[in-house]
Amino acid sequence: MSETLSGPPRTSAGRLLDIAWPDLGITVTAELDGRNPELADALWESLPYRSLQGHALVAGAHLYHVAPVPSLLHLPASTRIPDRREAPDGTVFCSALQHLGIKYGTLTEPMPASPIGRILPEDMPALLEAGRETWDAVYSTKKEILVEVRPAGTAGGHGIPRLHATHPDANRLIHDLHTETERIWLEAPPELADMHRGWIPSGAGTFDTVLPTLLFVNGETRPLGYATYGGLVRAAVADMPIDSLRQMTRLLVGIPAEFLGYCGLNPLWTYTQRFLACLDHLDREDFLAVTGQMALYINCLGGWNLHLYPWNTADHLRRHDPAHAGQPA
């Protein structure tokens, strides 16, 4: 599985990244500190790129975005923090969910994480401001904040990697997935934008409701990219037999993609049908290329889902101390 993007040459620990939010006029610098060098190298070689900035909605003060780095799905982490809540503020992570993440304050979710560096101490106030602005955008205002990641002191830029397959049908599918991913990477997918305006051609949404459909689309898209396609990539890299990979693909991808097509994500369902149609003809490398390109496309859709969803619809609901459960508000 090869990526067509080239980036700056590999160097030792101490490489500096600029992470910039041009719309906010904020730039911070991160130092790659030698932890998880395979992940850090993969990120470095993908630079520069831009992405839609996201914010954790459940875990706390955490910024993350989809990074256009297919190999993040499967590269091993040599250093793991058992509980990312204990990581210092400013820690930068790479994730098998294809994310670049930054902890900027208190986290509540206990989970292991793979650090690659840390924001410079003098840039922490700017990082806090970027976190607050991004939270407001994701939760309420829906302002589209883009992030740019680049080697420190260099000009920005952007590109989406295109993988390659030897089977002609698979390679055409990858070409079309790449073209579509480029189209929607920095602008909301039209089918999702229409859905969030209440235009759903299939009539999905009982009694003309829209919010339940948006909820189900978000709930199906994220695991399809994170767990299903990410899992298939990792299974293929781990040498699961190709016949088993094909069987797992048929079991896992068709039903959620068909449902999402009914809800309005017609391109996703069309690409899935094309994948299933050529599945029996793919060797391991072609399978990896298609699933890697699909994962990037679907994770991009998932990022836009998370941004567009009207999270403040239930703003009146607030978490309470469990010790007071059952008591009047």
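# Exercises on helix packing, cores and loop residues

The axes of helix α3 (residues 168-184) and helix α9 (residues 284-308) come within 9 Å and cross at roughly 20°. The model worked on here is a predicted one.

**Exercise 1.** Determine how α3 and α9 are oriented to each other, and which residues form their contact.

*Solution.* Begin with the crossing angle of roughly 20°; because angles under 35 degrees count as roughly parallel, α3 and α9 are roughly parallel to each other. The crossing of these two helices is left-handed. Next, list the residues that meet: α3 contributes Ala170, Leu173, Ile174, Leu177, His178, Glu180, Thr181 and Ile184, while α9 contributes Ala289, Val290, Gln293, Met294, Leu296, Tyr297, Cys300, Leu301 and Trp304. Sorted by class, the residues of this contact comprise 13 nonpolar, three polar and one charged. To interpret the spacing of such a list, recall that an α-helix has 3.6 residues a turn, so residues three or four places apart point the same way.

**Exercise 2.** Carry out the same analysis for α5 (211-237) and α6 (242-252).

*Solution.* The axes of α5 and α6 are 10 Å apart and the packing angle is about 175°, which makes α5 roughly antiparallel to α6. On the α5 side the contact is made by Leu224, Thr228, Leu232, Ala235 and Ala236, and on the α6 side by Leu245, Met248, Thr249 and Leu252. The contact of α5 with α6 contains seven nonpolar and two polar residues, with no charged residue.

**Exercise 3.** Identify the residues that touch the most other members of the largest nonpolar core, and the element that gives the most to this core.

*Solution.* The largest nonpolar core has 49 residues, of which Tyr229 and Leu268 touch the most other members. Two or more residues each come from α3, α4 (190-196), α5, α7 (254-263), α8 (266-278) and α9, and α9 gives the most, with 13 residues. Setting aside residues up to four places away in sequence, Tyr229 touches Leu224, Val253, Thr272, Phe275, Thr291, Met294, Ala295 and Ile298. Another core, of 34 residues, lies apart from the largest one and includes Trp21, Leu63, Val92 and Met124.

**Exercise 4.** Find the buried residues of α7, and the elements they pack against.

*Solution.* In α7 the buried residues are Gly254, Pro256, Ala257, Leu260, Gly261 and Cys263, and they pack against α4, α5, α6 and α8. Gly264 follows α7 and has a positive phi, near 140°.

**Exercise 5.** Classify the loop residues Arg84, Gln98 and Glu144 as buried, partly exposed or exposed, and give their contacts, leaving out residues up to four places away in sequence.

*Solution.* Arg84 lies in the loop between β5 (60-66) and β6 (91-95); because its relative accessible area is 9%, Arg84 is buried. Its contacts are Ala59, His62, Phe93, Lys103, Leu107, Glu109, Met111 and Ala113.

Gln98, in the loop between β6 and β7 (99-107), has 0% relative accessibility and therefore counts as buried. Among its contacts are His65, Val66, Ala67, Ala295, Leu296 and Asn299.

Glu144 is found in the loop between α2 (124-141) and β9 (146-151), and because its relative accessibility is 35%, Glu144 counts as partly exposed. Glu144 touches Asp23, Leu52, Ala188, Trp304 and His307. The C-alpha atoms of Glu144 and Ala188 are separated by 9.0 Å, although the two residues are 44 residues apart along the chain.

Note on methods
Residues are numbered from 1 along each chain as its sequence is written. This is a predicted model: local features need pLDDT of at least 70, side-chain atom pairs count only at pLDDT 80 or more; totals for chains, interfaces and linings use all residues. Side-chain values use heavy atoms; hydrogens and water are left out. Helices (H or I, at least four residues) and strands (E, at least two) are DSSP runs, numbered from the N terminus. Buried means under 20% relative accessible area, exposed over 50%, partly exposed in between (1.4 Å probe, protein chains only). Contact means heavy atoms within 4.5 Å. Axes are lines fitted to C-alpha atoms, for helices over the stretch in contact, and angles run from 0 to 180 degrees between N-to-C directions. Angles under 35 degrees count as roughly parallel, over 145 as roughly antiparallel, 65 to 115 as roughly perpendicular and the rest as oblique. A crossing is left-handed if the near helix is turned anticlockwise from the far one by less than a right angle, and right-handed if clockwise. Ala, Val, Leu, Ile, Met, Phe, Trp, Tyr, Cys and Pro count as nonpolar, Asp, Glu, Lys and Arg as charged, and the others, Gly among them, as polar. A nonpolar core is a set of buried Ala, Val, Leu, Ile, Met, Phe, Trp, Tyr and Cys residues joined through side-chain atoms within 4.5 Å.
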